[in-house]
Amino acid sequence: MATFENTKLEDFKGVWVFCEQRAGKLMPTDFELISEGRKLADELGVELCGLLLGDNVEGIAKELGGYGADKVLVCESPLLKDYTTDAYAKVICDVIMDKKPEIFLIGATNIGRDLGPRCAARLHTGLTADCTHLDVDVNKYIEFLKESSTLDLSAQKFNMEDRNLKMTRPAFGGHLMATIICPRFRPCMSTVRPGVMKKAPFDQAKADACVIEKPAFSLTEADCHTKVLEIVKATRELVDLTGADVVVSVGRGISKDVQKGIALAQELADVLGGVVGGSRATVDSGWLSADHQVGQTGKTVHPKIYIALGISGAIQHKAGMQDSECIIAVNKNGTAPIFEVADYGIEGDLFKVVPMLIEEFKAVKAAK
């Protein structure tokens, strides 16, 4: 293995993405991160590699090329069939120390949140967790700040030659956004929130051209301090906000009759074939479970239709839904910030407006 000196920045080159698989199936977050990694690699003028671990998983690697990967490094072993922290961290760190990528991205899934800190500690580098935005190019970062911050940019000084990865994430419970860099060590590591990055269209020609490489690594049972005996899947039903075409979200505006407000939102969602979401206030108040939360500290969604009922539109919530194709807002306060991003706004009491919407949508469906 090559000598690993993580402060010799000039030795590190390339953007890598950890591609999580479960039971031989790639996770949706992989395609989002590969798509985002493609942009970063192009800005840096370097190669984009996927890193795929498992047992007998080479057959699914080419698909990553369809979303932008130039190469996929495939590490296969029976000891990698099921995820364990020790085995995955050892193999990943050994390969990184040998090949020296400058950026390493991991999805902030349950596995990624466990794996990222272990790898960062072994590599003696920094890790920015739960990121919602990534930049390399300084001009693009400045444009992001213009749209997403209240900073006086004329008073700021920027190094236009800065090639550090600029990792932006919510801080202080989502009340602030912080951008973090790792200027002295490599690789720059980040876990990225699922659903935040947009997946690129699949390109079969790129998938066919993707190079599959199997790097050498060493892994024995002695390296694994835990063993998976059985995998039992929970039967608890969770709301799939990120995969829904229609999301009907409720906010603090339902407080005068919480149960009725949620019931109206559910009925409207059922009519439109969607799911119910909520603002942070509804989750903090215990009205909805955490899997319903939309926003910087919840889930980022991109549905075809997003309906906000009684949601004022704090910046934390807007960041999680403002890229929806069509946004409909209902709020008694005509100056609520949610109307700034809404395609259609209705100023009125949701308890009066929503029943009318339900009847109109039912009538339209019945007429088809």
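What share of the contacts in the protein chain with a separation of 6 or more comes from residues 24 or more positions apart? In this predicted model, such residues account for 68% of those contacts.

## Overall architecture

The secondary structure of the protein chain consists of ten helices and 17 strands. The radius of gyration is 23 Å, close to the 21 Å given by the globule rule for 368 residues, so the chain is as compact as a globular protein of that length. Taken along the principal axes, the C-alpha atoms fill a box of roughly 70 × 55 × 40 Å.

Of the 368 residues, 51% count as buried. The protein chain exposes about 18,100 Å², and carbon and sulfur atoms supply 51% of that area.

## Salt bridges

The search of the whole structure yields 22 salt bridges. One of them joins D11 to K8, with the closest N and O atoms 3.8 Å apart. D11 counts as partly exposed at 35% relative accessibility, and K8 is partly exposed as well, with a relative accessible area of 32%.

Another salt bridge pairs D70 with R38, where the closest N and O atoms are 2.9 Å apart. D70 lies in the loop between α2 (62-65) and β5 (71-76), while R38 belongs to helix α1 (residues 28-44), so this pair ties together parts that are 32 residues apart in sequence. The two partners fall into separate accessibility classes: D70 counts as partly exposed at 31% relative accessibility, whereas R38 counts as buried at 16%. The cut-off for a buried residue is a relative accessible area under 20%, so the value for R38 places it in that class.

E58 and K214 also form a salt bridge, with 2.9 Å between the closest N and O atoms. E58 is located in the loop between β4 (48-54) and α2, and K214 in the loop between β12 (211-213) and β13 (246-250), so the pair ties together parts that are 156 residues apart in sequence. Both residues are partly exposed: E58 has a relative accessibility of 36%, and K214 has a relative accessible area of 48%. In addition, a network of salt bridges links E47, K71, K99 and E213.

## Aromatic pairs

Six aromatic pairs are found in a search of the whole structure. Among them is the pair of F4 and F12, whose ring centres are 5.7 Å apart and whose planes stand at 80° to each other, an edge-to-face arrangement. Planes over 60 degrees apart count as edge-to-face, so the angle of 80° assigns the pair of F4 and F12 to that class.

F4 counts as partly exposed at 21% relative accessibility, whereas F12 counts as buried at 5%. Elsewhere, ring pairs link F18, Y83 and Y88 into a cluster.

## Cysteines

How many disulfides does a search of the whole structure find? The search finds zero. C75 is in no disulfide, and the nearest cysteine sulfur, belonging to C19, is 11 Å away. C75 is buried, with a relative accessible area of 0%.

C182 is likewise in no disulfide; its nearest cysteine sulfur is that of C188, at 5.0 Å. A disulfide requires sulfur atoms within 2.5 Å, so the separation of 5.0 Å between the sulfurs of C182 and C188 does not qualify. C182 counts as buried, with 9% relative accessibility.

## Backbone features

R186 and P187 are joined by a cis peptide bond with omega of about 5°. P187 lies in the loop between β10 (176-180) and β11 (188-192).

Positive phi values occur at A23 and D130, neither of which is a glycine. For A23, phi is about 55°; this residue lies in the loop between β2 (21-22) and β3 (25-26) and is exposed, with a relative accessible area of 83%. For D130, phi is near 60°; D130 lies in strand β7 (residues 127-131) and counts as buried at 13% relative accessibility.

Note on methods. Residues numbered from 1 in each chain as written. Predicted model: local features only at pLDDT ≥ 70, side-chain atom pairs only at ≥ 80, totals over all residues. Heavy atoms only, no water. Phe/Tyr/Trp six-rings, centres within 6.5 Å; stacked < 30°, edge-to-face > 60°. Buried < 20%, exposed > 50% of the residue type's maximum accessible area, 1.4 Å probe, protein only. Salt bridge = Lys/Arg side-chain N within 4 Å of Asp/Glu carboxyl O. Helix = DSSP H or I, 4+ residues; strand = E, 2+ residues; numbered from the N terminus. Rg over C-alpha atoms; globule rule 2.2 N^0.38 Å. Contact = heavy atoms within 4.5 Å. Areas by Shrake-Rupley, 256 points an atom, 1.4 Å probe, with all protein chains shown as cover.
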